[in-house]
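The exercises that follow practise reading contacts between charged side chains. Study the picture first, then work through each solution step by step.

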Amino acid sequence: MPDLPDLSGPPEDAPGNTGDAADTGEPPVPGTGAPGTDAERRRRRAEFLRDLAEARELRARVQPRRAKAARLRHAQRMRTFRW
């Protein structure tokens with residue numbers, strides 16, 4: 001249907017569209033950044049993993065019955081796993 005407009009996003013030459021990833025909120029493409037990008041990625045990953053562990057601990061405190069059931073299921077899976 002060529003007579004319908006393309007609604008997939010703003011055109012490349014739209015005013016204000018510089019094509020920079022920082023303007024769109026998208027993360028930068030790996031391998032194209034400045035030096036230190038790898039260190040920044042590791043720092044963000046470590047922060048994310050800390051937050052994830054904190055959220056798991058909070059969930060275990062708030063829902064102890066569900067956390068206990070999850071621990072028991074995990075233990076059962078580990079016992080029945082064949083090496």
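**Exercise 1.** Locate R43 and E47 in the structure, and state how far apart they lie along the chain and what joins them.

*Solution.* Begin with the position: R43 and E47 both belong to helix α2, where 4 residues, or about one turn of the helix, separate them. Next, turn to the contact itself, for R43 forms a salt bridge with E47, and the closest N and O atoms are 3.3 Å apart. This distance counts as a salt bridge because the cut-off between a side-chain nitrogen of Lys or Arg and a carboxyl oxygen of Asp or Glu is 4 Å. Keep in mind throughout that the model is a predicted one.

**Exercise 2.** Find which salt bridges E40 makes, and describe the network that results.

*Solution.* In the first step, look at E40 and R43, whose side chains meet in a salt bridge of 2.6 Å, N to O; both residues lie in helix α2, which spans residues 37–62, and they are 3 residues apart, about one turn of the helix. In the second step, look at E40 and R44, where the side chains meet in a salt bridge of 3.9 Å, N to O, and where the spacing within helix α2 is 4 residues, again about one turn. Finally, put these together with the earlier pair: E40, R43, R44 and E47 are linked in a network of salt bridges. A search of the whole structure finds 5 salt bridges.

**Exercise 3.** Decide whether the residues of this network are buried, partly exposed or exposed.

*Solution.* The reasoning needs two cut-offs, since a residue is buried under 20% relative accessible area and exposed over 50%, and partly exposed in between. E40 has a value of 32%, so it is partly exposed, and E47, with 35%, is partly exposed too. R43 stands at 44% and is therefore partly exposed, while R44, at 44% relative accessibility, also counts as partly exposed. For the chain as a whole, 2% of the 83 residues count as buried.

**Exercise 4.** Describe the contact that joins D38 to R42, and say where D38 lies.

*Solution.* D38 lies in helix α2, and with a relative accessible area of 41% it is partly exposed. The side chains of D38 and R42 are joined by a polar contact of 2.6 Å.

**Exercise 5.** Work out in which helix the confidence is highest and in which it is lowest.

*Solution.* Start with the layout: the protein chain has 3 helices and 0 strands, in the pattern α-α-α along the sequence. The mean pLDDT of the chain is 75, and 55% of its residues reach 70 or more. Confidence is highest in α2, at a mean of 93, and lowest in helix α1, residues 21–24, at a mean of 52. Where pLDDT is low, the predicted coordinates should not be read in detail.

How values were computed
Residues are numbered from 1 along each chain as its sequence is written. This is a predicted model: local features need pLDDT of at least 70, side-chain atom pairs count only at pLDDT 80 or more; totals for chains, interfaces and linings use all residues. Side-chain values use heavy atoms; hydrogens and water are left out. Helices (H or I, at least four residues) and strands (E, at least two) are DSSP runs, numbered from the N terminus. Buried means under 20% relative accessible area, exposed over 50%, partly exposed in between (1.4 Å probe, protein chains only). pLDDT is the predictor's confidence in each residue, from 0 to 100. A polar contact is a pair of N or O atoms within 3.5 Å; within protein, one must be able to donate a hydrogen and the other to accept it, and residues adjacent in sequence count only if both atoms are side-chain atoms.
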